[in-house]
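Reader: I'm new to this one, so could you take me through a single part of it slowly? I'd like a close look at the places where the ligands sit.

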Amino acid sequence: MLRIGLTGGIGAGKSTVAREFADRGVPVIDADAVAREVVEPGRPTLARLAQRFGPEVLTADGALDRAALARLAFADDTGTRDLGAIMHPAIGARTRELMARHADAPMLVHDVPLLVENGLSADYHLCLLVDVPAPMRLERLTAQRGMDSADARARIERQAADEERYAACDALLSNTGTPAELTAAFGALWDRRLAPFAAALAAQRPASSAAANHSAPSDYGGPTGAPAESAPAAMRAHTAQRLAARLERAWAADGASAELTSASAPGGMTPGEAAPSGSAPGGGTPGDATAAPAPDAPDATVRLRVRARPEQAAAVRAGLRAAGLFPAAQRPGPAEAFAPADPGLCAAVELKLSPDPRSA
Ligand SMILES: CC(C)(COP(=O)(O)OP(=O)(O)OC[C@H]1O[C@@H](n2cnc3c(N)ncnc32)[C@H](O)[C@@H]1O)[C@@H](O)C(=O)NCCC(=O)NCCS
Ligand SMILES: Nc1ncnc2c1ncn2[C@@H]1O[C@H](COP(=O)(O)OP(=O)(O)OP(=O)(O)O)[C@@H](O)[C@H]1O
C-alpha cells in the first residue's frame, strides 16, 4: 500500500485535495475528524483536557467548547504543547485502528495538518504539501470561512514554517490560483506520479527505468519565495534526508540492523542536516554545502550507502522495499543498486553486506 501524508498550513486547501483523492476511491483518514472523535462526551481525553485547561472548556451539557479550548491552548507554546500531549496518544491509537481497516487498499491518504510539527514524514512513502503563503491563507480563512483573525494568526504562529514543510515533503501542489487550477495540478500529479508509484509498489518493482534515470522531481516547483537557482540543490539534499529517514524507520519497524554510512546528493547536504558519517560514494559531500556542483547538474541521483551483516540481508532488503526502494540492477558482488518506485524521486542505494559492518 502506498501511504501518502497530506499536509499544509491551516487554510492551505488540504480538504480540497483530500476530496480529489476520495473521488478516485482512495481512503482518506482525516486527522482533524479523528481529533473530534476522541473528545466526544464521556471520553477520557475530554476529561484530561478539562483537568488541564479548566471547566471553561466544557459546555453546559458536557461537550467540548472548541472555541474556548482554542483560545486557551493557542495562547502560548506551553498550552499548545500540553494540548498535543493530551490529544496525540488518543489520536494515534484511533488512527492505527482506521489504517488497519484499509490494509488491503492500494493507496491510503492521511490528511495531517501537523505532520511536519510532529515529525511524521518518515512514516509515509510520499508526503504531499498543499502550499499557500501564510498571508493568503489568513485572508481566505477570515474572508471566506469567517474565522476569527486572531485565532487564525495564533494557529499559524504555532505551526511549522513553510521552509520546514518544504524540507519534509516530496511533492508540492501550489494553491495560490483558482480551485480549478488546483484540481488540474492534482490530476497531473496523479497521472504522472501518484498512480504509477502505487502500481509499482503493489507490483513490488521500481516504477520505470526513468526512476533510476537521474531525473529530478519536476513537480517540486521550488519553495515559494526561495531563490529559484537554489531550489534543485536544496531539494536533492532534502530528498537524501527523507529517503534516509524512511529507511531507518522501516528498519526499526522490521528489527533489522543496518548502518546508513553516507547520504549524498549533487548539490551537497546543507549544513546541520543529519548526514550520516562516512564517505560520500559520489556527488556532493555530506555536511558540506559549498561542494555543490551546478544546481542544474543533470545527475540528480541521491545515493544512500548502507552496510548490513549478511544474516540481516533479507530484513534489510524488506525494509528497503517497505520504504519504496527496489533492486534496479543486480550487479556482481555484494553491492546492489536500488531505485525508488516513485518516478518522481531519484535515488540509488548501495547495499553492502559485510561480516563486520564497522570494517566494510
Ligand atoms: C483546539 C481545537 C479543539 C479547536 O477546534 P476547531 O474546531 O476550532 O479547529 P479544528 O479541530 O477544526 O482544527 C482546524 C485547524 O486548526 C489547526 N490546529 C489544530 N490543532 C492544532 C495545534 N495543536 N497546533 C497548531 N494548529 C492546530 C490545524 O490546522 C487544523 O486543521 C482543535 O483544533 C483540537 O482539538 N486540536 C488538537 C488536536 C490536534 O492536534 N489536531 C490536529 C490533528 S494532527
Ligand atoms: N484555490 C482557492 N481559491 C480560493 N479559496 C480557496 C482555494 N482553495 C481553498 N480555498 C478556501 O480556503 C479555505 C481553506 O480551504 P480548506 O478548508 O480546503 O483548507 P484546509 O487546508 O483543509 O484547512 P484546515 O487547515 O482548516 O483543515 C476554505 O474556505 C476554502 O474554500
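Author: Here is a walk through the surroundings of the two ligands, with some background on the chain and its cysteines at the end.

First, the ground rules. This is a predicted model, where local features need pLDDT of at least 70, side-chain atom pairs count only at pLDDT 80 or more, and totals for chains, interfaces and linings use all residues. Residues are numbered from 1 along each chain as its sequence is written, chains are lettered from A and ligands numbered from 1 in the order in which they are written, and side-chain values use heavy atoms, leaving out hydrogens and water.

Let's start with ligand 1. It has 18 residues around it, and D32, R36, R66, R155 and Q159 come nearest (a residue is near if one of its heavy atoms lies within 4 Å of the molecule). Now look for polar contacts, meaning pairs of N or O atoms within 3.5 Å; within protein, one must be able to donate a hydrogen and the other to accept it, and residues adjacent in sequence count only if both atoms are side-chain atoms. D32 has a polar side-chain atom 2.6 Å from an oxygen atom of the ligand. For R155, a side-chain N or O atom sits 2.8 Å from a ligand oxygen, and for H88 that distance is 3.0 Å. On its own, ligand 1 has 780 Å² of accessible area, and the protein covers 90% of that (areas come from the Shrake-Rupley method with a 1.4 Å probe, and for residues only the protein chains shown count as cover).

Which helices build this shell? α2 (31-37), α4 (66-73) and α5 (77-101) each bring at least two residues, and α5 gives the most, with five. Helices here are DSSP runs of H or I with at least four residues, strands are runs of E with at least two, and both are numbered from the N terminus. By class, the shell splits into eleven nonpolar, three polar and four charged residues; Ala, Val, Leu, Ile, Met, Phe, Trp, Tyr, Cys and Pro count as nonpolar, Asp, Glu, Lys and Arg as charged, and the others, Gly among them, as polar.

Stay with α4 for a moment. Its residues A68, L69, A70 and A73 are buried, where buried means under 20% relative accessible area, exposed over 50%, and partly exposed in between (1.4 Å probe, protein chains only). The buried residues of α4 pack against α3 (44-53), α5 and α7 (149-158).

Over to ligand 2. It has 15 residues around it, with G13, K14, S15, R145 and N175 coming nearest. The side chain of N175 places an N or O atom 2.7 Å from a ligand nitrogen. R140 has a polar side-chain atom 3.2 Å from a nitrogen of this ligand, and Q144 also has one at 3.2 Å from a ligand nitrogen. The protein covers 81% of the 630 Å² that ligand 2 has on its own. Helix α1 (residues 14-23) gives the most to this shell, with three residues. Its classes come out as three nonpolar, eight polar and four charged residues.

Now for the background. The protein chain has eleven helices and ten strands, and 48% of its 360 residues count as buried. Searching the whole structure turns up zero disulfides, a disulfide being a pair of cysteine sulfur atoms within 2.5 Å. C127 is in none, as the nearest cysteine sulfur, that of C169, is 5.3 Å away.

Technical notes
Contact = heavy atoms within 4.5 Å.
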